[in-house]
Amino acid sequence: MREQLIGIDDIPPTGTVTVDLLGREVLVMLLNGKPRAYLNVCMHHGGPLTLEGETFTCGWHGSTFEARSGRALSGPVRPDARLIMLPTRVEDGVLTYVYEE
């Protein structure tokens, strides 16, 4: 399965841009010049995320996650939780979700 997310040139140099993937919100960002895509879902209770520097913060209960790896930094989320980072590739200048069964 392949789904185009966003043109690489349309990803802002800082912050995130929200794109749709099959009806789900995905946050796309550049981290050290490389694109990353995370589902916009906190692993605590599914709240929305905001990027602050290199940390995602949940707007509902304040859980924080490292943007580089998606791992939880502070709770109430479980300490072993991780955000859902999507497998992506850049194909012809477009960030593409790639899922192979």
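**Overall dimensions.** I began with the radius of gyration of this predicted model. For 101 residues, a compact globule would have a value near 13 Å; the chain has 13 Å, so the two agree. I then took the box along the principal axes, which the C-alpha atoms fill at roughly 40 × 30 × 20 Å.

**Surface and burial.** I looked up the exposed area of the chain and found about 5,900 Å². Carbon and sulfur atoms supply 47% of that area. Of the 101 residues, 37% count as buried. I also examined contacts between residues at least 6 apart in sequence: 36% of them join residues at least 24 apart.

**Secondary structure.** I recorded ten strands and zero helices in the chain. Read along the sequence, the pattern is therefore β-β-β-β-β-β-β-β-β-β.

**Strand β10.** I asked which strands pair with β10. Strand β1, residues 2–7, runs antiparallel to β10 and is joined to it by five bridges. Within this pairing, I noted that arginine 2 has valine 98 as its bridge partner. Strand β9 is also antiparallel to β10, with four bridges between them. Here glutamate 91 stands opposite valine 94.

I next checked the cover over β10 and found that five of its five residues are buried. Both faces are covered. Val94, Thr96 and Val98 lie on one side, while Leu95 and Tyr97 lie on the other.

**Positive phi values.** I looked at the turn of the hairpin formed by β9 and β10, which has two residues between the strands. Aspartate 92 lies in this loop, between β9 (88–91) and β10 (94–98). Its phi is positive, about 55 degrees, although aspartate 92 is not a glycine. I asked whether aspartate 92 is buried or exposed. Aspartate 92 counts as exposed because its relative accessibility is 82%, and the threshold for that class is over 50%.

I then turned to leucine 22, in the loop between β2 (16–21) and β3 (24–31). Leucine 22 is not a glycine either, and its phi is positive, near 55 degrees. At 56% relative accessibility, leucine 22 counts as exposed.

**Cysteines 42 and 58.** I searched the whole structure for disulfides and found zero. Cysteine 42 is in no disulfide, and its nearest cysteine sulfur, that of cysteine 58, is 3.8 Å away. I asked why cysteine 58 forms no bond with cysteine 42. The sulfur of cysteine 58 has its closest cysteine sulfur in cysteine 42, and the separation of 3.8 Å is too far for a bond; the cut-off is 2.5 Å. Both residues are buried: cysteine 42 has a relative accessible area of 2%, and cysteine 58 has 4%.

**Serine 63.** I located serine 63 in the loop between β6 (55–58) and β7 (64–66). Despite this loop position, serine 63 counts as buried, at 0% relative accessibility. I looked for what surrounds this residue, leaving aside neighbours within four places in sequence. The contacts of serine 63 include both cysteines of the previous entry, Cys42 and Cys58. The others are His44, Phe56, Thr57, Ser74, Gly75, Pro76 and Val77. For valine 77 I noted a distance of 3.0 Å between its backbone nitrogen and a polar atom of the serine 63 side chain.

How values were computed
Residues are numbered from 1 along each chain as its sequence is written. This is a predicted model: local features need pLDDT of at least 70, side-chain atom pairs count only at pLDDT 80 or more; totals for chains, interfaces and linings use all residues. Side-chain values use heavy atoms; hydrogens and water are left out. Buried means under 20% relative accessible area, exposed over 50%, partly exposed in between (1.4 Å probe, protein chains only). A polar contact is a pair of N or O atoms within 3.5 Å; within protein, one must be able to donate a hydrogen and the other to accept it, and residues adjacent in sequence count only if both atoms are side-chain atoms. Contact means heavy atoms within 4.5 Å. Two strands pair if DSSP finds at least two bridges between them. The radius of gyration is taken over C-alpha atoms; the globule rule is 2.2 Å times the number of residues to the power 0.38. Accessible areas come from the Shrake-Rupley method with a 1.4 Å probe; for residues, only the protein chains shown count as cover.
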